[in-house]
Amino acid sequence: MTTAADRHARDLPLPPPPRPAPGWTPPTLLLTGQPEHGVSTYARHLAESVHALHPSTELSGVDPAASPTSLPGAGGWVHLHFTDRLWGADAASAAAAIEAIAAERPFTATLHDVPQPSDRLHFDRRAAAYRRVVEAASGVVCNSRHEADLLREFTSGEVSPTVIPLPVAAAHPFARPAELEQEVALLGFYYPGKGHDRVLEAVGRLAATGASDARAVPPRVVALGRASGGHEPDLERMRARAARRGLRFEATGYLSDPELLRRSRRVAVPVIAHDHVSASGSLASWISAGRRPLVVRSRYMEEMAALRPGTLTLVGPEDLAEAIARALADPASTWLSGDESLHPTGRDAVDLYCAFWAEAMAR
């Protein structure tokens with residue numbers, strides 16, 4: 001019997017892409033503001049990697065509220081990264097900003113945070129906005145096959161996105177600190193549904209049962225990052241909830257890339273526990289730090305487990321407390337050995353994008 005995981009894992013790992021013809025130049029790569037946003041960070045890192053290998057590539061900052069005629073070049077191709085939260089005050093205005101660009105020049109887009117029913121009240125508006133972007137684009141990329149399926153199911157049944165998984169930085173050495181902080185950590189922006197409450201509940205169960213000596217000193221639950229915009233009150237409520245239960249909870253606030261890497265290597269147990277996930281930059285960050293995180297099972301995470309075997313530990317949401325206890329007792333289980341395949345890496349992503357752009361620009 002073929003399972004959903006089998007269907008989403010087929011043909012992995014990715015085959016090497018064809019290389020563009022000599023002299024070919026990538027499109028202008030557009031970079032939006034909000035440098036702390038994960039999509040902006042990824043777009044910048046990818047653009048810098050493309051430019052390093054193809055120095056003729058033009059990088060351009062863009063203000064979504066400005067006229068598309070302010071973009072560089074004379075109507076040449078551009079590539080952008082789209083999530084409605086970066087391109088407008090609401091989903092409809094974000095789509096309108098992209099349509100204004102499309103009226104001036106051809107473009108391709110990487111779609112992030114693809115709409116799914118868990119968006120609840122915002123789902124219909126977001127799906128309509130993404131449909132408008134898909135219809136305006138000359139080609140789109142999704143960061144997972146799971147996202148591509150969501151896009152076809154809930155946004156546009158006619159779209160045929162190219163899948164280029166989020167890369168990991170394979171260059172980081174996997175040296176382990178001599179001592180680890182007794183912390184169970186989640187990485188990235190804090191917002192409801194990211195799984196902090198789920199992890200706090202699991203640590204609370206450990207404290208109640210005394211598993212892994214947690215009754216005496218339960219591990220601290222740490223959010224490596226700051227609250228997502230507008231969710232600061234939710235973060236304060238999480239702190240209060242932890243205090244009422246006698247548990248320790250900390251949010252570090254924004255961390256620079258070097259500091260985030262350092263903290264990622266100091267925690268005892270790295271965890272990813274989203275309620276709903278389409279693609280996870282947190283997973284790529286944990287792996288890039290040499291960590292093998294505990295990951296609550298989902299269709300996307302099963303896809304990533306097949307893409308990079310041995311780089312994450314899948315657990316059911318009901319088994320999270322026991323998995324944390326096992327990780328505390330066996331710290332080596334939360335580290336990569338160094339023998340795992342981490343493809344696609346950043347260089348792989350550049351090659352895959354260049355093949356995608358060359359094909360789109362040739363049509």
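These are my notebook entries on a few local features that I looked up in this predicted model.

**Backbone entries**

I began with the backbone, keeping in mind that most residues other than glycine have a negative phi, and that most peptide bonds are trans. Against that background I noted a cis peptide bond between His-343 and Pro-344, with omega at about 0°, and I placed Pro-344 in the loop that runs between helix 12 (320–329) and helix 13 (346–362). I then turned to Asp-113, a residue other than glycine whose phi is positive, near 50°. I found Asp-113 in the loop between strand 4 (107–111) and helix 5 (123–136), and with 29% relative accessibility I recorded Asp-113 as partly exposed.

**Aromatic entries**

Searching the whole structure for aromatic pairs, I came to three. One of them is formed by Phe-123 and Phe-154, which meet edge-to-face with 5.6 Å from centre to centre and 85° between the planes. Because Phe-123 belongs to helix 5 and Phe-154 to helix 6 (residues 145–154), this pair ties together parts that lie 31 residues apart in sequence. I noted Phe-123 as buried, at a relative accessible area of 15%, while Phe-154 is partly exposed at 24%.

For Tyr-353 and Trp-357 I wrote down ring centres 5.3 Å apart and planes at 45°, so I entered this pair as tilted. The two residues are four apart in helix 13, which puts about one helical turn between them, and both Tyr-353 and Trp-357 are buried.

I also looked at Trp-335 and saw that Arg-291 lies over the face of its ring, at 4.0 Å from the ring centre.

**Salt-bridge entries**

My count of salt bridges came to 16. Among them I followed the one between Glu-201 and Arg-245, where the closest N and O atoms are 2.8 Å apart. Since Glu-201 is in helix 7 (residues 196–209) and Arg-245 is in the loop between helix 8 (232–244) and strand 9 (249–251), the bridge ties together parts 44 residues apart in sequence. Glu-201 is partly exposed at 29% relative accessibility, and Arg-245 is partly exposed at 37%.

Within helix 8 I found Arg-239 and Glu-236 three residues apart, about one turn of the helix, with their side chains joined in a salt bridge of 2.3 Å from N to O. Arg-239 has a relative accessible area of 28% and Glu-236 has one of 45%, and I listed each of them as partly exposed.

Last, I noted that Glu-183, Arg-220, Glu-250 and Arg-263 are joined into one network by salt bridges that share partners.

How values were computed
Residues numbered from 1 in each chain as written. Predicted model: local features only at pLDDT ≥ 70, side-chain atom pairs only at ≥ 80, totals over all residues. Heavy atoms only, no water. Buried < 20%, exposed > 50% of the residue type's maximum accessible area, 1.4 Å probe, protein only. Phe/Tyr/Trp six-rings, centres within 6.5 Å; stacked < 30°, edge-to-face > 60°. Lys NZ or Arg CZ within 6 Å of the ring centre and 35° of its normal. Salt bridge = Lys/Arg side-chain N within 4 Å of Asp/Glu carboxyl O.
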